[in-house]
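Walk me through this protein, from its contacts and cores to its disulfides. Where should a reader start?

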Amino acid sequence: MLIMFLSAALSASGPATSIAYSERYQACSERAEGSYTHILACQGEELAVQKARLNRAYSALMRRHTPGERKLFRSSELKWLRAREMKCRLPQSAGTSDLVDSRECRLDDTIRRIGWLERQR
C-alpha cells in the first residue's frame with residue numbers, strides 16, 4: 001500500500017485529472033477579453049477559491065486516516081507544494097504573460113491535487 005500511495009502522490013499533478021474551474025472563473029475569464037489586468041484579477045479570485053477547496057479536501061482526508069497515514073499524507077503534501085512552486089515559478093526576467101502562465105500553472109496543479117486528495121478514501 002505504501003508503494004502505491006507514494007507512486008500516486010508523485011503523479012498527482014499529472015494530466016490524468018481534468019481541470020474543473022469554477023463557473024465564476026470561467027465567466028470572469030470570458031469578460032476579461034484578453035486584458036492581462038483582468039485575467040490576473042480573475043486568476044487571483046480563482047486561486048483563493050481553489051485554495052479553500054484544497055484545504056477542505058486535505059482536512060477531510062486527514063480526519064479519515066490513522067496517525068501513521070496522516071504523517072505520509074502530510075509529507076506528500078509538502079513535497080507536492082515544493083514541486084508545484086518549482087514547476088510554476090516565474091522566470092528571472094518575467095513579464096506579465098509569464099505571470100499569467102505561472103498562475104495558470106498553479107491553478108491547474110492545485111485543481112489536479114484536489115482531485116487526487118478527494119480520491120484518497
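A contact here means heavy atoms within 4.5 Å. With that in hand, look at Ala57 in this predicted model. Leaving aside residues up to four places away in sequence, Ala57 touches Ile114, Leu117 and Glu118. Ala57, Ile114 and Leu117 are also among the members of the largest nonpolar core.

That core has 10 residues in all. The others include Leu54, Tyr58, Leu61, Met62, Phe73, Trp80 and Trp116. Three elements each give two or more residues to this core: H3, helix H4 (67-87) and helix H5 (96-119). H3 supplies the largest share, five residues. A second, separate core has five residues, among them Cys28, Cys42, Leu47 and Leu107. There is a general tendency behind such groupings. In soluble globular proteins, nonpolar side chains tend to be buried together.

Now step back to the whole chain. The protein has five helices and zero strands. From the N terminus on, the order is α-α-α-α-α. Of its 121 residues, 36% count as buried. The accessible surface comes to about 7600 Å², and carbon and sulfur atoms hold 57% of that. Take the contacts between residues at least 6 apart in sequence: 75% of them join residues at least 24 apart.

H3 deserves a longer look. What span should its 29 residues have? At 1.5 Å a residue, the expected value is 42 Å. The end C-alpha atoms of H3 are 41 Å apart, which agrees. Many positions can be picked out along H3 as buried, including Leu40, Gln43, Glu46, Gln50 and Ala60. Leu54, Ala57, Tyr58, Leu61 and Met62 of H3 are buried too. The cover over the buried residues of H3 includes H2, H4 and H5.

His38 also sits in H3, which runs over residues 36-64. Is His38 buried, partly exposed or exposed? Its relative accessibility is 47%, so His38 counts as partly exposed. His38 and Cys28 are 10 residues apart in sequence, and their C-alpha atoms are 8.1 Å apart in space.

Ser22 lies in the loop between helix H1 (2-10) and helix H2 (23-32). The side chain of Ser22 reaches the backbone nitrogen of Tyr25 at 3.1 Å. Leaving out residues up to four places away in sequence, Ser22 touches Glu46 and Gln50. Both Glu46 and Gln50 are buried residues of H3.

That leaves the disulfides. The structure holds two. Counting bonded cysteines along the chain, the pattern is 1-2, 3-4. Cys28 is joined to Cys42, with S to S at 1.9 Å. Cys28 lies in helix H2 and Cys42 in helix H3, so this pair ties together parts that are 14 residues apart in sequence. The torsion about the S-S bond of Cys28 and Cys42 is about -80°, so this disulfide is left-handed. Cys28 counts as buried at 12% relative accessibility. Cys42 is buried, with a relative accessible area of 3%.

The other disulfide joins Cys88 to Cys105, with S to S at 1.9 Å. Cys88 lies in the loop between H4 and H5 and Cys105 in helix H5, so this pair ties together parts that are 17 residues apart in sequence. The torsion about the S-S bond of Cys88 and Cys105 is about -65°, so this disulfide is left-handed. Cys88 is buried, with a relative accessible area of 3%. Cys105 counts as buried at 17% relative accessibility.

Technical notes
Residues numbered from 1 in each chain as written. Predicted model: local features only at pLDDT ≥ 70, side-chain atom pairs only at ≥ 80, totals over all residues. Heavy atoms only, no water. Helix = DSSP H or I, 4+ residues; strand = E, 2+ residues; numbered from the N terminus. Buried < 20%, exposed > 50% of the residue type's maximum accessible area, 1.4 Å probe, protein only. Core = buried A, V, L, I, M, F, W, Y, C linked by side-chain atoms within 4.5 Å. Polar contact = N/O pair within 3.5 Å; in protein donor to acceptor, adjacent residues only side chain to side chain. Expected span 1.5 Å × (residues − 1). Areas by Shrake-Rupley, 256 points an atom, 1.4 Å probe, with all protein chains shown as cover. Disulfide = S-S within 2.5 Å.
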